[in-house]
Amino acid sequence: MIDRGKIKMVQCKINLDNYTGQYFPGNTIQGQVIIQLNSDTTLRGVRVTLSCNEHTEWLGSESYYDNDAREQKSRTTQFQGDNEVFSLKQWLYGDQNAKVNLSSGQHIYPFNIQLPQNIPSTYHSEKGTVSYKITATVDRPMALDFEDNMVIVVNSPIDLNTIASATDLQPSSYSDEKTLCCWCCAQGPVTMDVELPKKTLIPGEHVEVKVSLTNMSNTNVEGVSLELKQILTYKVTEPNKEEKEDSLILVDLKDVGLGAHGENTYLFNVTLRPNVELPNFAQCRLFAVEYRYKAITKLPSMHKNLEINMTPKVGHIPLAAQNAGAPYSTQGNLYPDMGWTAGPNPTAPPISEKQQFEGDPGYNRFDQPPAYDTLNN
């Protein structure tokens with residue numbers, strides 16, 4: 001019988017052959033697991049796992065009943081949520097069903113794991129993260145496993161072809177009006193009409209939005225504006241389900257007002273800056289993002305503003321019908337070639353001619369990703 005107390009792992013290390021700081025959906029992650037043993041040992045096998053996990057957290061107030069004081073009180077509580085978006089597992093040697101032997105010395109196991117399509121991007125904020133990790137495991141029965149972990153960055157552009165349709169490229173119009181009242185006297189209505197040339201938008205694109213205003217009241221309109229807002233929603237599940245929202249104004253355009261009994265047409269040139277951060281939360285349960293146009297007719301403080309809300313679909317890759325001349329295109333090679341050089345052959349006998357996989361490979365802030373060196377220190 002082997003004395004497990006004398007077994008020492010000199011090294012269990014992940015080495016990636018084709019990682020240049022980020023991967024894209026559909027890329028193949030090519031690497032090796034390098035194991036160094038100083039004595040023969042028994043194990044279930046050697047596996048590598050790619051996992052994507054989302055985590056949210058914040059401090060909040062929780063209501064509870066104080067039995068001693070016999071009254072309801074509140075306390076500061078850590079709220080959080082955790083969810084595994086997906087996990088892909090590959091056995092490189094052995095499996096979990098039987099014991100195998102591995103001799104002392106160095107053993108090198110090449111692996112290839114293909115990233116699925118339609119996956120979230122790496123994301124970091126004060127309220128949560130979406131992260132990717134590669135884990136190499138030497139699975140030892142009745143003993144602590146040996147592991148090495150590596151965090152990687154995945155950059156997943158939002159493809160409007162997966163969330164929009166051809167009808168979103170058609171013009172659409174919206175209208176609302178408000179009748180102003182002064183004491184007991186009703187004035188004429190203020191009417192706002194908005195025309196969108198289409199409901200999609202990508203970074204670097206210019207879209208002209210037309211706002212027509214008719215003021216039949218005796219009150220001057222103080223200003224007309226159009227904004228595009230990004231709304232992020234975060235969810236936690238413990239100790240109970242709660243949500244928080246953050247919003248960021250991406251475009252804020254303003255124009256002059258309009259006098260009583262007047263009318264005017266305003267043209268707002270909406271431009272989304274090329275380096276805007278557009279988080280991709282595909283498959284996520286704890287994160288969501290939406291975008292909202294808001295056309296505002298600003299009225300004097302004694303009156304509530306007239307507003308029209310619209311929900312465009314914002315992404316990085318345009319619909320196929322508008323690909324020609326667009327800043328991004330689904331034609332050709334959208335994602336760069338992540339070329340790799342084949343690694344050495346395994347030094348242990350193969351379990352079968354075909355590699356064994358677990359998991360479903362079919363899982364269907366676009367800013368610069370965090371530096372790789374900062375993730376694995």
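**Reading backbone and burial features**

Tutor: Ile317 is buried, its relative accessible area being 1%. The model under discussion is a predicted one.

Student: How is the word "buried" to be read, and where does Ile317 lie?

Tutor: Buried means a relative accessible area under 20%, so Ile317, with 1%, falls in that class. The residue is placed in the loop between β20 (313-314) and β21 (356-358).

Student: How many residues separate Ile317 and Pro157 in sequence, and what is their C-alpha to C-alpha distance in space?

Tutor: In sequence, Ile317 and Pro157 are 160 residues apart. In space, their C-alpha atoms are 7.1 Å apart.

Student: Turning to backbone torsions, which sign does phi take at Met142, and is the residue buried or exposed?

Tutor: Met142 is not a glycine, yet its phi is positive, at about 60°. The residue belongs to the loop between β9 (128-139) and β10 (146-152). Exposed means over 50% relative accessible area; Met142 has 77% and therefore counts as exposed.

Student: What is the corresponding reading for Gln283?

Tutor: Gln283, also a residue other than glycine, has a positive phi near 75°. Gln283 is found in the loop between β17 (262-271) and β18 (287-298). Its relative accessibility is 31%, which lies between the 20% and 50% cut-offs, so Gln283 counts as partly exposed.

Student: Which peptide bond is cis, and where is its proline located?

Tutor: The bond from Glu238 to Pro239 is cis, with omega near 0°. Pro239 sits in the loop between β15 (223-236) and β16 (242-255).

Technical notes
Residues numbered from 1 in each chain as written. Predicted model: local features only at pLDDT ≥ 70, side-chain atom pairs only at ≥ 80, totals over all residues. Heavy atoms only, no water. Helix = DSSP H or I, 4+ residues; strand = E, 2+ residues; numbered from the N terminus. Buried < 20%, exposed > 50% of the residue type's maximum accessible area, 1.4 Å probe, protein only.
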